[in-house]
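Visitor: Could you walk me through this one? I'd like the chain contact, then some helix packing.

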Number of protein chains: 2
Amino acid sequence: MDITIKDIARIAGVSTATVSKALNNSALVKPSTKHKINEIAEQMGYQPNIAAKSLVSKKSRTIGAVWPNVDRATLTTLATKINDEFNKNGYSMILSINPAESAIQLFNQIQVDAILVFDRSDPNSYAGPIASKVPVLCYGEPASKGFPSVYVDRRKAMFKAVEYLWSLGHRKITYIGDVSNKRISQQEKHIGFTDGVIEFGLTTHPSMIVNSNGLESNEGYKAALKLLASSYKPTAIISGTYDLTVGILRALQQENKRVPQDISLISYDNIPQMESLPTAITAVGGPIDGIAKKVVESVLCMIDKQEQLPLLQTVEPELVKRDSCRSCSGEINKN
Amino acid sequence: MDITIKDIARIAGVSTATVSKALNNSALVKPSTKHKINEIAEQMGYQPNIAAKSLVSKKSRTIGAVWPNVDRATLTTLATKINDEFNKNGYSMILSINPAESAIQLFNQIQVDAILVFDRSDPNSYAGPIASKVPVLCYGEPASKGFPSVYVDRRKAMFKAVEYLWSLGHRKITYIGDVSNKRISQQEKHIGFTDGVIEFGLTTHPSMIVNSNGLESNEGYKAALKLLASSYKPTAIISGTYDLTVGILRALQQENKRVPQDISLISYDNIPQMESLPTAITAVGGPIDGIAKKVVESVLCMIDKQEQLPLLQTVEPELVKRDSCRSCSGEINKN
DNA sequence: ATGAAAGCGCTAACAC
DNA sequence: GTGTTAGCGCTTTCAT
C-alpha cells in the first residue's frame, strides 16, 4: 500500500479528518471539497487500507465463507448468487477451503463481520462446537455445529415431487438417491419420498428405492441401469440430485427410454442448469434466489442487530414444472 | 475481538512488548516468561488481530486467490493442494469468486501478501492490465493480464501423448477436444496434437480431430459417439480434458468398445481421479504436486525478494501410464 | 465546514 | 530480558 489519506490531505490542502469524511460521503463536508477530494483520490489511485479501517471501526464489510472441497454444481451456483447479493449490499465475500475449524479461526483473526459455512460435513466427523466471536451462519445442514442455519426442507420437497407425480396419475415411482449417505440432507430426501409413498398408498417394490451409493453422475447412471434391468417398471423416477439426474438421463437415453414419453423424471435441486439438460427437467428444491436472499439477509441481520438468529430457518421448497413429466393414464393404483 | 495483548500483559504482569515478542516466539524472551504468557494466552482464548498485525508489519501472511466461477475437477484438486502447501508454509489462502479485476482490488485493500489468479479468462474479454500493488501470479494461461505466470506446456504434453501412442504402434489416432475454444490452454493442446501428427507422419482424416464444442463430460460423450459413427476407425483416442474423458468412456462402453482392448485412450489432466475411472486412464499433463510446489514457491519468492519473476515459467508435462493403452500391431503407417 | 488529537491492537526500535 | 515509546492508516469526538 502506498498512497494514504495523508497524501490526499496534503495535496488537497485539508486535514486527514476531512479526507476521511469526504471519502465516506459524510454530510459534514462541503460538496465542493468532497468533490475535489474524490477527484484527487481517484487520480492517485487511492485504495483504502481495510486493515486500518477495520482496526478502528471494528467493521471490515467482509464476509468469510467456509467452502467444502468437493464441488457440486448446485453449491457453486448458489455461492455465486450469494456473492453477488453481498456485493450489492456493499460487502465482499472471501472463501476458505480449509477445514471448518481452521477456516473459522482464520476468519476471526482477519476480522470478518460474519461467517457463512457451506456445510457438507459428515455428522460423524462432528467434533463439538467451534468457538467464534464473529457470528456464524450455516447453510446446508440443519443447525449443524450448533450455529443458526438456513435449511431447505428437503423432506417436504420430495413429498411434493411424489404428490405432483401422483396428481399426474403415476402410481409406480422410483427414488434414486444416495440412501446410505449419513448426511441429514440426503436422509431427509429419502424420508420425504417414503412420506409420499405412504400418504398416497403406493404399492411398494424392492426397486422402488435404488441406492446410488454416491452423488456423482456416473452413480446415477449405474443406478438407473440397475433399475431398468429390474422387474419393476416405474412410470416415473425421482432423482436425489442434479448430478445423479445427468447420469440417469444418459442411462435412459442409452436404453431408448424417452423422457417424458416413456418415463417421467423429477429431480431435486432447483437450479437453472435443469433447463439445459437434453430434456428440460422438472425439479423441486429451494429456489436459488430465495435461498441466497434468505442467507444474505440473515447474515446482515446477525451483523446489524446483535441478537441471535433462530437456530433453524427453513426455506420452502418449490416445484418448477418443465418438460420431463407427463400425465399418465397407465395402470391403476392397486389399493 | 475481545481480548488483546494488553489484557495478557496485565495478567502476566509484563509489558505488551514482551507479550508480543513471546507470542512471536522471539529469542529475546526468557523461556519461562514465554511459557507463562503462552499459557495465559491459550486459556484466555486469545486470537491475534490480523488487521492490527498487518497494519504495522505490512505482512498478513495471507494469500488471495482469484477463483473462476466455473468448477472443473482439475482446478479444484490443484487448489486444494496449493492451499495445503501454503498452510505448511505458515500462510493462509483466501479465495474470491468475483471477477478478476474486483477480486484483485479487494485483495489489495485487505492487504494480502500476494495474489494468485486461477485463470480461465476468455482472451477476448481481456480488458487491459490490472493495477495491483501486491504481487500477482497467474496460473493457467501464459502471461495473461501481463502478470508472471506458471503454465503447463500443454503443447508438449499432447505431443508426448501422440509420441507414446506411436511408440505403441498406433497409426490412426483421434483427438477429441474443444478445438473452437479461444483460450490458449485449449488451443495449445490442439497444436500439440498436430505437431505429433506431422512429426510422425500420420495419415490425416476428417475425423482425426473431433470438436467437442465444450468441455463438459456430456460433450465428450457426444463427440465420441460422432467419432464412432464416422468412417474413421482409430485405434487410439486422445482426450483434451478429464471431463471429456468421462464422457468418452461412457460412449465407448455404450458402443461396446473395450478400453484398451478395442481402443486405446489417453487423456490430458494429470490428476488422481484418472485412477478411479472404470478403466484407469493413462494421462499426460502437469503433475499436480509439481505445479502446486512451483506455484507456491513462486508466490513466496515474490513476497520475499521484491524481484519480478520471469513472465513465463513452464511446468514440464508428464505421462503417467495406467491401463488404458496397449500396443497395437494394427495396420501399418502408410508413409 | 474543517481541523486537532486520541486511539484501535500490534510491532519494532531503542533504552534500561 | 524487559519496558518505553512511537507509529502503521484510519475514524471519530470535540473544538474551532
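Guide: Here is a short tour of the interface and then of some helices. This is a predicted model, where local features need pLDDT of at least 70, side-chain atom pairs count only at pLDDT 80 or more, and totals for chains, interfaces and linings use all residues. Residues are numbered from 1 along each chain as its sequence is written, chains are lettered from A and ligands numbered from 1 in the order in which they are written, and side-chain values use heavy atoms, with hydrogens and water left out.

Visitor: How many residues does each chain put into the contact?

Guide: Chain A gives 40 residues and chain B gives 40 residues. Contact means heavy atoms within 4.5 Å.

Visitor: And how much area do they bury?

Guide: About 3,800 Å² between chain A and chain B, with 55% of it on carbon and sulfur atoms. Buried area is the accessible area (1.4 Å probe) that two parts lose on being put together, summed over both.

Visitor: Which residues of chain A lose the most area to chain B?

Guide: A:Ile97, A:Gln109 and A:Arg250. Together they make up 17% of what that side buries.

Visitor: Which side chains form the salt bridge?

Guide: A:Asp2 and B:Lys133, at 3.6 Å, N to O. The rule finds one salt bridge across this interface. It asks for a side-chain nitrogen of Lys or Arg within 4 Å of a carboxyl oxygen of Asp or Glu.

Visitor: What classes of residue make up the chain A side?

Guide: The side of chain A that touches chain B has 16 nonpolar, 19 polar and five charged residues. Ala, Val, Leu, Ile, Met, Phe, Trp, Tyr, Cys and Pro count as nonpolar, Asp, Glu, Lys and Arg as charged, and the others, Gly among them, as polar.

Visitor: Switching to helices. What is the angle between α1(A) and α2(A)?

Guide: About 105 degrees, with the axes 8 Å apart; α1 covers residues 5-12 and α2 residues 16-23. So α1(A) is roughly perpendicular to α2(A). That label covers 65 to 115 degrees. Axes are lines fitted to C-alpha atoms, for helices over the stretch in contact, and angles run from 0 to 180 degrees between N-to-C directions. Helices are DSSP runs (H or I, at least four residues), numbered from the N terminus.

Visitor: Which residues meet there?

Guide: A:Ile5, A:Lys6, A:Ile8 and A:Ala9 in α1(A) meet A:Thr16, A:Val19, A:Ser20 and A:Leu23 in α2(A).

Visitor: How does α2(A) pack on α3(A)?

Guide: At about 90 degrees, with axes 9 Å apart. α2(A) is therefore roughly perpendicular to α3(A).

Conventions: Helices (H or I, at least four residues) and strands (E, at least two) are DSSP runs, numbered from the N terminus. Angles under 35 degrees count as roughly parallel, over 145 as roughly antiparallel, 65 to 115 as roughly perpendicular and the rest as oblique.
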